[in-house]
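Reader: I should like to learn how to read the features of a structure that is new to me. May we take them in turn, with the general idea placed before each case?

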Amino acid sequence: MAILVDYNQVMLASLFAGIGNHTDMEVDENLLRHMFLNSIRFNRKKFHDEYGEIVLCVDNKNVWRRDYFPYYKANRRKSRDESELDWNKLFESIHRIRSEIEEFFPYKVISVERCEADDVIATIIHEYGTDLNMGSEKYLILSGDKDFIQLHGYANVDQYDPVRKRWIRNDNPDKYLSEHVLKGDVGDGVPNILSSDNCLAVGERQRPMTKKRMATYLSDPESMDEETKLRYNRNKKMIDLSEIPNEYKEQVLSQFEVEKDIGREQLFNFFVKRKLKNLLTDIQDF
């Protein structure tokens, strides 16, 4: 059992839901801390009985996917460089808050070098997911990221978007994954399988993936020419969460299986120190 929190995604989605288009604002670490911890409190209270304890799943730099595809998320770096928001300061705050949770809270914080939160969550789900939900321990993915739909095939796995406060569900996660690989992922800088590696990074238009062509490739993958097959394999490595290298899976599971030896006795002093008086009245929810 676990509530697997996509740490950076939830943190950033909460921030942008709060500030909207006002990206010229100063990063307020105290507000960020309060906002995230209040979200954790609210969702732990709501889901703890059914899904167990909070586990923070963390993004790391220099991710392994860039070894296979150098343009992975290159467009994000470009958009951040052009943004008015002080991203360096924001990430420093996110890292500091994560370190505080690791030190003072009873929640596991799983961070594996060169891995993203997606890798952490997917590894745990692939290990503990079951085909039948007959008394199985349940797992909740707390994230608005639709990349996790491919994990919905397990009967004991659910996904909830804590920012929009809605369940994310899909009747055919296998088909969703197959289509996702063909279409690529613009947000991650991964083009469709008809387009060159660097097209999104340099701002080129992709060759359109029509419904007819997609239907053909889904029904007859062998109809792809050799170049298209190479791009298909590129996308599968980037998008399919069963493609995570074993060395990283082992590190994730070894961290997940270790019990955290920090209780709740430090929370009161931490809330006082950080002037989180509004959360003190609900300290039992943590």
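Reader: How are α7 and α8 oriented to each other?

Author: The general idea is to compare the angle between two helix axes with a set of classes; angles of 65 to 115 degrees count as roughly perpendicular, for instance. In this predicted model, α7 and α8 pack at an angle of about 120°, and their axes are 11 Å apart. The two helices are therefore oblique to each other. Their crossing is right-handed.

Reader: Which residues make the contact of α7 and α8?

Author: From α7 come Ser178, Glu179, Leu182 and Lys183, and from α8 come Met214, Tyr217 and Leu218. Sorted by class, the residues of this contact comprise 4 nonpolar, 1 polar and 2 charged.

Reader: At what angle do α7 and α9 pack?

Author: Helix α7, residues 173–183, meets helix α9, residues 226–239, at an angle of about 125°, with the axes 8 Å apart. That angle makes α7 oblique to α9. This crossing, too, is right-handed. On the side of α7 the contact is formed by Leu177, His180, Val181 and Leu182, and on the side of α9 by Tyr232, Asn235, Lys236 and Ile239. The classes here are 5 nonpolar, 2 polar and 1 charged.

Reader: Which residues of α7 are buried, and against what do they pack?

Author: To read burial, one asks how much of a residue remains accessible; under 20% relative accessible area counts as buried. In α7 the buried residues are Pro173, Leu177, Glu179, His180, Val181 and Leu182. They pack against α8, residues 211–219, and against α9.

Reader: What follows α7 in the chain?

Author: Gly184 follows α7, and its phi is positive, near 75°.

Reader: How should I read the sign of phi in residues other than glycine?

Author: Most residues other than glycine have a negative phi. Asn62 is not a glycine, yet its phi is positive, about 50°. Asn62 is placed in the loop between β2, residues 54–57, and α3, residues 65–68. Lys73 is another case, with a positive phi near 60°. The loop that holds Lys73 runs between α3 and α4, the latter being residues 74–82.

Reader: Is Lys73 buried or exposed?

Author: Lys73 is buried, since its relative accessible area is 14% and the cut-off for burial is under 20%. Ala74, in helix α4, also counts as buried, because its relative accessibility is 17%.

Reader: How far apart are Ala74 and Gly187 in sequence and in space?

Author: The general idea is to set separation along the chain beside distance in space. Ala74 and Gly187 are 113 residues apart in sequence, while their C-alpha atoms are 9.7 Å apart in space. A second pair is Val190 and Tyr72, which are 118 residues apart along the chain and have C-alpha atoms separated by 6.4 Å.

Reader: Where is Val190 found, and which residues is Val190 in contact with?

Author: Val190 is found in the loop between α7 and α8. Because its relative accessibility is 1%, Val190 counts as buried. Neighbours within four places in sequence being left aside, Val190 is in contact with Phe69, Tyr72, Gly184, Asp185, Leu200, Asn235, Met238 and Ile239. Of these partners, Asn235 and Ile239 also belong to the contact of α9 with α7.

Reader: Which residues meet where α1 packs with α2?

Author: Helix α1, residues 7–19, and helix α2, residues 29–51, pack at an angle of about 115°, their axes being 10 Å apart. The crossing is right-handed. Tyr7, Val10, Met11, Ser14 and Leu15 in α1 meet Leu32, Met35, Phe36 and Ser39 in α2. This contact has 7 nonpolar, 2 polar and no charged residues.

Reader: How many helices and strands does the protein have?

Author: There are 12 helices and 6 strands. The radius of gyration is 20 Å, close to the 19 Å that the globule rule gives for 286 residues, so the protein is as compact as a globular protein of that length. Along the principal axes, the C-alpha atoms fill a box of roughly 65 × 50 × 35 Å.

Reader: What share of the residues is buried?

Author: Buried residues make up 48% of the 286 residues. As for contacts between residues at least 6 apart in sequence, 73% join residues at least 24 apart.

Notes:
Residues are numbered from 1 along each chain as its sequence is written. This is a predicted model: local features need pLDDT of at least 70, side-chain atom pairs count only at pLDDT 80 or more; totals for chains, interfaces and linings use all residues. Side-chain values use heavy atoms; hydrogens and water are left out. Axes are lines fitted to C-alpha atoms, for helices over the stretch in contact, and angles run from 0 to 180 degrees between N-to-C directions. Helices (H or I, at least four residues) and strands (E, at least two) are DSSP runs, numbered from the N terminus. Angles under 35 degrees count as roughly parallel, over 145 as roughly antiparallel, 65 to 115 as roughly perpendicular and the rest as oblique. A crossing is left-handed if the near helix is turned anticlockwise from the far one by less than a right angle, and right-handed if clockwise. Contact means heavy atoms within 4.5 Å. Ala, Val, Leu, Ile, Met, Phe, Trp, Tyr, Cys and Pro count as nonpolar, Asp, Glu, Lys and Arg as charged, and the others, Gly among them, as polar. The radius of gyration is taken over C-alpha atoms; the globule rule is 2.2 Å times the number of residues to the power 0.38. Buried means under 20% relative accessible area, exposed over 50%, partly exposed in between (1.4 Å probe, protein chains only).
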